Amino acid sequence: MIALLDGSVREILSGAIILDVCGVGYYVYMPHVATLQKNSKICVYISYRFHAENGPSLYGFHSSVERDLFNLVLTCSGFGPKIALAMFEHLSASVLVDAIVSQNIKTLSSVSGVGAKKAELLVHTIRDKIMPFSALVNQCGESSIGNTLSELSLTLQALGYSRQEVARACHAIGELQGASEIPFDQIIKKALLLLSATRG
């Protein structure tokens, strides 16, 4: 079973990358692929999943803690890889853990495909098991861009923007060169300008 892949990004696709490892291309689903650069070297921790109809699938994360958290979410009934990955696309690992521990249903249900009932089920199912992750997520080195996009997503939703608009803005910001170094107030301004232009 594959646990770790270290290689270069050959292609960046929608929600996935082709990772070249010693001449072999692996199709890896990942959150925030827009923040990656083609031909860059990365190391990803892999969650291997097998589906009877579609065969094996690989899901990649920048830390083993994020991978283990992803696997824990999958233990909840009704949460498949697609929804679990969407949670990491929409929320950083630390925000996700805090939301589950504090039973913040609003934050959890803000993820596409996760309504209030599913969010409550997730909290009920894994809240006790997720407690150890509270300290670990602060040590796992999750990307600052992931935190930035998570904060941006929650802020835009609080301002009344739809999930589709939030996703579009986060994708655009994620593609900005050096986005993680831009002050958050400037990130918000750029996102609002983008959304006002598309609405107009």
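Where does Asn39 lie? Select it in your viewer: Asn39 sits in the loop between strand 3 and strand 4. Before going further, a word on what you are looking at. This is a predicted model, in which local features need pLDDT of at least 70 and side-chain atom pairs count only at pLDDT 80 or more, while totals for chains, interfaces and linings use all residues. Residues are numbered from 1 along each chain as its sequence is written, and side-chain values use heavy atoms, with hydrogens and water left out.

**Stop 1: the whole protein**

Zoom out and colour by secondary structure. You should find 9 helices and 5 strands; here helices (H or I, at least four residues) and strands (E, at least two) are DSSP runs, numbered from the N terminus. Following the sequence, the pattern reads β-β-β-β-β-α-α-α-α-α-α-α-α-α.

Turn the model around. Along its principal axes, the C-alpha trace spans about 45 × 40 × 35 Å. The radius of gyration is 17 Å, which agrees with the value near 16 Å for a compact globule of 200 residues. That radius is taken over C-alpha atoms, and the globule rule is 2.2 Å times the number of residues to the power 0.38.

Now show the surface. The protein exposes about 10,300 Å², with carbon and sulfur atoms supplying 53% of it; accessible areas come from the Shrake-Rupley method with a 1.4 Å probe, and for residues only the protein chains shown count as cover. Of the 200 residues, 44% are buried. Buried means under 20% relative accessible area, exposed means over 50%, and partly exposed is in between (1.4 Å probe, protein chains only).

**Stop 2: the loop between strands 3 and 4**

Go back to Asn39 and add His32 to the selection. His32 is placed in the loop between strand 3 (24-29) and strand 4 (41-51). Look at the backbone here: His32 has a positive phi of about 55° although it is not a glycine. Asn39, also not a glycine, has a positive phi of about 75°. Are these two buried or exposed? His32 counts as buried, at 11% relative accessibility, whereas Asn39 is exposed at 55%.

**Stop 3: Leu5 in strand 1**

Next, select Leu5, which lies in strand 1. With a relative accessible area of 5%, Leu5 is buried. Show what surrounds it: leaving aside neighbours within four places in sequence, Leu5 is in contact (heavy atoms within 4.5 Å) with Leu19, Val21, Tyr26, Val28, Ile42, Cys43, Val44, Ile46 and Leu58. You can also draw a distance to Gly60: Leu5 and Gly60 are 55 residues apart in sequence and 8.6 Å apart in space, C-alpha to C-alpha.

Contacts across the sequence can be counted for the whole protein too. Among its contacts with a separation of 6 or more, 56% are between residues 24 or more positions apart.

**Stop 4: helices 3 and 4**

Move on to Val95 in helix 3 (residues 93-101) and Thr107 in helix 4 (residues 105-108). Val95 is partly exposed, at 23% relative accessible area, while Thr107 counts as buried at 12%. Which residues does Val95 touch, apart from its neighbours within four places in sequence? They are Thr107, Ser150 and Leu154. By the same kind of list, which leaves out neighbours within four places, Thr107 is in contact with Leu91, Val95, Ala99 and Leu154. For a longer line across the model, join the C-alpha atoms of Val95 and Val33: they are 62 residues apart along the chain and separated by 19 Å.

**Stop 5: the charged side chains**

Finally, show the charges. There are 16 positive and 16 negative side chains, and the centres of the two sets lie 6 Å apart. Lys and Arg count as positive and Asp and Glu as negative, with His and the chain ends not counted; the place of a charge is NZ of Lys, CZ of Arg, CG of Asp or CD of Glu.

Side chains of opposite charge can pair when their charged atoms come close. A salt bridge is a side-chain nitrogen of Lys or Arg within 4 Å of a carboxyl oxygen of Asp or Glu, and the count here is 2.

- Select Asp20 and Arg10: their side chains meet in a salt bridge (2.2 Å, N to O). The pair links distant parts of the chain, with Asp20 in strand 2 (residues 16-21) and Arg10 in strand 1 (residues 4-12), 10 residues apart. Asp20 is buried at 14%, and Arg10 is partly exposed at 41%.
- Select Asp68 and Arg67: the closest N and O atoms of this salt bridge are 3.2 Å apart. Asp68 is partly exposed at 33%, and Arg67 is buried at 16%.
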